[in-house]
Amino acid sequence: AGIMGGGIAYQSASRGVPIVMKDIAAAALDLGMSEARKLLAKAVETGRLTQDKADAVIGSITPSLTYEGFDDAEVVVEAVVENLAVKQAVLREIEGRVSPHAILASNTSSLRIGALAEGLRRPENFLGMHFFNPVPKMPLVEVVRGAKTSAEAIAAVTGYAVAMGKTPIVVEDCPGFIVNRTLTPYLIAFLRLVRDGADFVEIDTAMEAFGWPMGPAYLIDVIGMDISHHVVEIISAGFAPRMEVPFETALEILLRDGRLGRKNGHGFYKYQSDSQGRPRKDIDSETERLLTAGQPDGKTRIGAEEIVARTMLPLILEAARCVEDGIAGSPGEVDMCLILGLGLPRYLGGALKYADYLGLKNVVDRADDWAGLSPIYRPSDRLCAMAAAGEVFYPA
């Protein structure tokens with residue numbers, strides 16, 4: 001249950017698929033139900049739902065502390081804490097309570113489906129169903145195929161995602177899948193800019209002017225500093241040494257100060273609720289003082305053009321590797337993941353479409369300019385060959 005579980009339950013029930021929401025704690029169930037009620041109240045307030053319809057939707061979510069009714073479930077979505085051992089234990093427990101034909105899906109954001117499947121008796125019925133927060137607003141669901149996942153399981157969960165009003169894109173198993181795998185080098189590039197003395201507010205301003213809905217510092221605050229750190233740690237380890245971070249990051253410095261981002265009112269920015277109860281972002285002068293500990297060369301002014309190049313190039317290079325590695329079936333599917341799941345500026349048409357616009361030779365040459373900073377700026381041999389041959393990701 002909780003925020004994510006409540007969002008998934010709401011989305012399913014609001015689209016006509018009744019759902020049982022189970023947790024081990026009544027307080028978590030209360031949080032999940034309150035999240036669903038809050039979303040329904042907003043829909044009624046804005047005229048998208050009648051009160052009768054909202055009542056029917058909440059009535060089709062059954063909160064439960066037991067597995068009663070699970071033997072009839074066709075699909076079970078696990079959304080517990082992002083911890084491998086905990087998820088494995090919960091998935092094994094669920095598998096013992098459902099029918100042999102039930103599909104199990106994990107809402108993991110960074111853990112390998114192959115690792116989660118270890119110990120399951122029916123790994124062919126298991127796959128990833130990665131939703132994005134907030135669930136009702138974010139259109140993408142990454143449907144993640146494990147090494148043993150059956151075509152039937154993929155079809156069932158893809159159909160379920162469509163029934164929920166989502167856009168499912170089938171991806172292969174790897175650390176972070178498409179969205180978080182490409183997000184990680186983008187965040188590493190941001191953290192390196194801060195270490196090199198750039199002002200995080202100026203970085204956010206430059207990236208928002210480029211077209212992102214929010215800059216990387218604000219994004220980290222919204223995701224949560226602890227979650228962002230965990231995702232970067234897991235995914236960078238999965239792609240070591242290419243994504244290794246050999247310095248203490250701003251994330252680690254601010255976490256040590258007890259900052260979790262928007263959820264506890266302090267991250268890169270500070271937050272106070274406005275008259276509508278929504279968190280309002282403000283500059284926190286203390287952040288600057290804390291970050292100096294991780295800036296060995298002090299503060300420096302870095303221009304917007306360099307900020308955009310240094311953050312976007314690693315994202316483009318990783319998106320290209322996702323195609324090369326066969327993680328998605330086409331450049332278009334990678335680009336759709338980034339637009340729908342990451343909020344990549346739509347006018348770019350996607351990271352790979354943007355790479356075509358820049359020219360792959362220019363991308364490779366610009367990346368070479370920064371290759372001394374980190375391996376995240378080193379293009380793959382395949383991309384270099386494409387650039388040399390004048391190829392593109394989207395032939396006319």
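The legends below accompany close-up views of a predicted model.

**View 1. Helix α9 and its surroundings in the predicted model.** Helix α9 spans residues 216-223, and because six of its eight residues are buried, the helix is largely enclosed by the rest of the structure. The buried positions are Pro216, Ala217, Tyr218, Leu219, Ile220 and Asp221. These buried residues pack against the helices α7 (179-195), α8 (200-210), α10 (225-238) and α11 (250-256), and also against the strands β8 (270-273) and β9 (279-282). Just after α9 comes glycine 224, whose phi is positive at about 110°.

**View 2. The open five-stranded sheet.** The strands of this open sheet follow the order β3-β4-β5-β6-β7, and their pairing is mixed. Since β3 (75-78) and β7 (167-172) stand at the edges with a single partner strand each, one side of each is left without a neighbour in the sheet. From one strand to the next, the twist averages 30°. The pairing of β3 with β4 (residues 103-106) is parallel and runs over four bridges, and within it valine 76 has leucine 104 of β4 as its bridge partner.

**View 3. The second largest pocket.** This pocket has a volume of about 910 Å³, and its lining comprises 31 residues, of which Val20, Lys22, Phe70, Val76 and Val77 lie nearest the pocket centre. The elements that contribute two or more residues to the lining are α1 (2-14), β1 (19-22), β3 and α4 (84-95), and α1 provides the largest share, with five residues. Sorted by class, the lining consists of 21 nonpolar, four polar and six charged residues. Valine 76 thus appears in two views, as one of the residues nearest the centre of this pocket and as the bridge partner of leucine 104.

**View 4. Two cis peptide bonds, at proline 134 and proline 241.** Asparagine 133 and proline 134 are joined by a cis peptide bond with omega of about 0°, and proline 134 lies in the loop between β5 (126-130) and β6 (140-145). The peptide bond from alanine 240 to proline 241 is also cis, with omega near 5°, and proline 241 is placed in the loop between α10 and α11.

**View 5. Phenylalanine 177, a residue other than glycine with positive phi.** The phi angle of phenylalanine 177 is near 55°, and this residue lies in the loop between β7 and α7. Phenylalanine 177 counts as buried because its relative accessibility is 0%, where the cut-off for a buried residue is under 20%.

Methods: Residues are numbered from 1 along each chain as its sequence is written. This is a predicted model: local features need pLDDT of at least 70, side-chain atom pairs count only at pLDDT 80 or more; totals for chains, interfaces and linings use all residues. Side-chain values use heavy atoms; hydrogens and water are left out. Buried means under 20% relative accessible area, exposed over 50%, partly exposed in between (1.4 Å probe, protein chains only). Contact means heavy atoms within 4.5 Å. Two strands pair if DSSP finds at least two bridges between them. Axes are lines fitted to C-alpha atoms, for helices over the stretch in contact, and angles run from 0 to 180 degrees between N-to-C directions. On a 1 Å grid over the protein atoms alone, a cavity is a set of points where a 1.4 Å probe fits but cannot get out, and a pocket is an open set with protein on both sides within 12 Å along at least five of seven lines; lining residues have an atom within 4 Å of a point. Grid points are joined across faces, edges and corners, and a volume is the space filled by probe spheres set on the points. Ala, Val, Leu, Ile, Met, Phe, Trp, Tyr, Cys and Pro count as nonpolar, Asp, Glu, Lys and Arg as charged, and the others, Gly among them, as polar.
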